[in-house]
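Biologist: Could you take a close look at one strand pairing for me, and then show me how the rest of the chain fits around it? A connected walk-through would be lovely.

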Amino acid sequence: MTASSIVDTSAAKGTDVTGRLSARVRQVPASGIRKFFDILATMDDVISLGVGEPDFVTPPHIMQAGVDSLSKGETHYTSNYGLIELREAVAEYLSNHYGTDYDPQTEILLTAGVSEAVDIALRAVIDPGDEVIVPEPAYVSYRPCITFAGGEPVGINSSAETNFRITAEQIAEAITPRTKALLLGFPANPTGAMLPRTEWEQIVELANRHNLIMLSDEIYGRLTYTMEHTCVSALPGAWDRTILLGGFSKSYAMTGWRIGYVAAPSGVLEYIMKVHQYILMCAPTMSQYAALQAVKHGEADVAGMLEEYTKRRTLIVDGLNEMGLDCVEPDGAFYCFPSIRSTGLSSQAFAERLLQEEHVACVAGDAFGPCGDGHVRMCYAVPTSDIEVALERIENFVNRARA
């Protein structure tokens with residue numbers, strides 16, 4: 001190499017072009033969860049109640065189906081919509097569990113997890129300036145995805161006094177001429193809240209009256225404790241205006257496989273597929289084969305994991321209440337959302353100090369919307385022994401904070 005062929009990049013590295021980047025992305029803050037996990041990565045002996053995923057490994061027969069697909073050379077693209085065998089299985093699954101009726105050829109789309117499903121569905125629905133109503137506290141991605149799509153999120157607050165449930169009346173009060181859609185995630189992350197069927201029926205009536213699209217994130221639909229899950233699109237008058245978002249990550253312990261689905265009327269799904277087609281092509285092929293095994297033969301696995309979550313839920317909720325951190329009993333999912341107001345600390349201060357002083361990780365409640373302040377999210381999808389030790393450490397910390 002000659003001296004003349006060496007390029008001096010020192011000056012170029014000092015150039016700052018961030019001011020030229022998207023204003024829409026700039027206005028969205030980084031996830032409130034991220035910094036806690038950056039700290040956690042530098043520490044030992046941490047019990048994490050922060051990560052929202054099952055501690056269970058994907059059941060062996062499901063894993064093997066993915067491995068077998070690789071052994072058979074199934075390493076190519078599938079249809080943009082995904083494997084027809086899996087779409088047929090998903091349609092049958094939804095019909096058997098909830099009484100829905102979807103054509104697997106034109107009304108089921110397989111996605112890279114429900115995260116992609118939420119993103120592409122919003123992009124297919126929203127025009128710049130459209131308002132989307134979101135009950136809060138809510139999953140951290142909802143507001144940013146609405147903003148990235150050019151819309152404006154409109155939060156409606158829930159509270160522990162109502163078990164973090166919202167009402168059709170609250171939604172009605174938030175509707176304006178610019179409202180186009182509702183983004184509803186129940187059972188809810190981070191609160192575990194669910195809505196009774198009677199409330200859902202009123203929400204559907206409201207959506208019909210105002211011609212609103214309902215995006216229903218039902219990823220935790222199989223993980224319920226106090227009531228049966230209501231599949232929104234199965235309700236009378238709901239099917240034509242509902243975009244159903246679901247997947248395999250939570251109920252089958254398949255988070256890393258990144259496989260989910262959208263179910264919607266064919267005319268609606270065509271628009272969503274168009275976005276999916278240009279950004280992703282298709283969901284991971286081996287993950288589709290694993291999901292096919294899960295949906296066809298994984299019922300016993302779901303039941304076994306739910307039984308264990310039920311025990312853990314009782315343990316952590318009772319433990320938190322006994323130490324004076326008021327904790328509503330979650331209806332579903334695998335999170336609890338205790339109040340930490342009795343400590344006099346903000347959500348951020350509580351989460352940071354608990355991690356630093358007692359090596360227990362949780363997530364500050366305001367990461368899920370302003371009305372989450374005064375709470376923290378704790379995930380009980382961890383071994384019972386970890387929950388027991390974590391409760392001891394939390395109580396030690398709480399007693400010091402109150403002293």
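Modeller: Happy to. Leu110 stands opposite Tyr261 in strand E8, and that is a good place to start in this predicted model. The two residues belong to a pairing of strand E2 (residues 108-111) with strand E8 (residues 260-263), which runs in the antiparallel sense over 4 bridges. In general, strands of a sheet pair through backbone hydrogen bonds, either parallel or antiparallel.

Now look at the side chains of E2. Ile108 and Leu110 point one way from the strand, while Leu109 and Thr111 point the other way. This fits the general pattern, in which the side chains of a regular strand alternate between the two faces of the sheet. Whichever way they point, these four residues of E2 are all buried.

For another antiparallel example, move along to the open sheet that 3 strands form in the order E9-E12-E11. Strand E9 (335-336) and strand E11 (363-364) stand at its edges with a single partner strand each, so one side of each is left without a neighbour in the sheet. E11 pairs with strand E12 (residues 376-379) over 2 bridges, again in the antiparallel sense. Here Val363 has Arg377 in E12 as its bridge partner.

Loops can hold buried residues too, and Ala238 is one to click on. Ala238 sits in the loop between strand E6 (213-217) and strand E7 (242-247). Its relative accessible area is 0%, so Ala238 counts as buried. Leaving aside neighbours within four places in sequence, Ala238 is in contact with Val204, Met214, Val232 and Ser233. Of these partners, Val204 is 34 residues away in sequence, yet the C-alpha to C-alpha separation from Ala238 is 6.0 Å.

Zooming out, the protein chain has 13 helices and 12 strands. Its radius of gyration is 22 Å, close to the 22 Å that the globule rule gives for 403 residues, so the chain is as compact as a globular protein of that length. Along its principal axes the C-alpha trace spans about 75 × 60 × 50 Å. Buried residues make up 54% of the 403 residues. Among contacts between residues at least 6 apart in sequence, 76% join residues at least 24 apart.

As for the surface, the accessible area of the chain comes to about 17,700 Å², and 51% of that belongs to carbon and sulfur atoms. Finally, the chain carries 30 positive and 51 negative charges, and the mean positions of the two sets are 5 Å apart.

Technical notes. Residues numbered from 1 in each chain as written. Predicted model: local features only at pLDDT ≥ 70, side-chain atom pairs only at ≥ 80, totals over all residues. Heavy atoms only, no water. Pairing = 2+ DSSP bridges. Rg over C-alpha atoms; globule rule 2.2 N^0.38 Å. Buried < 20%, exposed > 50% of the residue type's maximum accessible area, 1.4 Å probe, protein only. Contact = heavy atoms within 4.5 Å. Areas by Shrake-Rupley, 256 points an atom, 1.4 Å probe, with all protein chains shown as cover. Lys, Arg positive; Asp, Glu negative; His and termini not counted. Charge placed at Lys NZ, Arg CZ, Asp CG, Glu CD.
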